[in-house]
Amino acid sequence: MTMRPLVVLWRVSERCNLACAFCAYDRTVARPRREVSAAVVLAFGETLGRWRRESGLPVLVSWLGGEPLL
Ligand code: SF4
């Protein structure tokens, strides 16, 4: 039996340092830019780790942006 992962898509930042014309997060677009603090990311990671240990199921996290690694 295949273990289906918990899949989390999380837009951690609306900032980007690039300017792809098709994208709503292009740095030249005037818009508010929210982003999650590193402390919140770490805390959520601990929560997911605990869930992983208790459930035995895999977790897949995909960070979206903007550019999540900024
Ligand atoms: S978020 Fe991605 S697609 Fe959008 S401007 Fe930045 S690099 Fe380009």
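## A walk through the chain

Let's start with strand 1, residues 6–11: of its six residues, zero are buried, so the strand lies largely in the open. Keep in mind as we go that this is a predicted model.

Strand 1 has a partner. It is joined to strand 2 by six bridges, and the two run parallel. If you'd like a spot to look at, find Trp10, which stands opposite Trp63 in strand 2. While you're there, it helps to know that in a regular strand the side chains alternate between the two faces of the sheet.

What else is there besides the strands? The protein chain's secondary structure comes to one helix and two strands, and reading along the sequence gives you the pattern β-α-β.

Now for the α in that pattern. Helix 1 takes in residues 38–55, 18 residues altogether. From first C-alpha to last it reaches 25 Å, close to the 26 Å expected at 1.5 Å a residue. Is helix 1 buried or in the open? A residue counts as buried when 20 or more other C-beta atoms lie within 10 Å of its own. The number of buried residues in helix 1 is zero, so this helix, too, lies largely in the open. Just after helix 1 comes Gly56, with a positive phi of about 75°.

Step back and take in the whole protein chain. Buried residues make up just 6% of its 70 residues. Its radius of gyration is 15 Å, whereas a compact globule of 70 residues would have one near 11 Å. Along the principal axes, the C-alpha trace spans about 45 × 30 × 15 Å. Even so, parts of the chain that are far apart in sequence do meet: of the contacts with a separation of 6 or more, 64% are between residues 24 or more positions apart.

Follow the chain past strand 2 (59–64) and you come to Leu69, in the segment after that strand. Leu69 has 8 other C-beta atoms within 10 Å, which means it is exposed. Cys16 is 53 residues away from Leu69 in sequence, yet their C-alpha atoms are 9.2 Å apart in space.

Cys16 also brings us to the last stop, the ligand. Which residues are around it? Cys16 is one of them, along with Leu18, Ala19, Cys20, Cys23, Tyr25, Asp26, Gly65, Gly66 and Glu67. Sort this shell by character and you get six nonpolar, two polar and two charged residues.

How values were computed. Residues are numbered from 1 along each chain as its sequence is written. This is a predicted model: local features need pLDDT of at least 70, side-chain atom pairs count only at pLDDT 80 or more; totals for chains, interfaces and linings use all residues. Helices (H or I, at least four residues) and strands (E, at least two) are DSSP runs, numbered from the N terminus. A residue is buried if 20 or more other C-beta atoms lie within 10 Å of its own, exposed if 12 or fewer, and partly exposed in between; C-beta atoms are placed from the backbone. The radius of gyration is taken over C-alpha atoms; the globule rule is 2.2 Å times the number of residues to the power 0.38. Two residues are in contact if their C-beta atoms, placed from the backbone, lie within 7 Å. A residue is near a molecule or strand if its C-beta atom, placed from the backbone, lies within 6 Å of it. Ala, Val, Leu, Ile, Met, Phe, Trp, Tyr, Cys and Pro count as nonpolar, Asp, Glu, Lys and Arg as charged, and the others, Gly among them, as polar. The expected span of a helix is 1.5 Å times one less than its number of residues. Two strands pair if DSSP finds at least two bridges between them.
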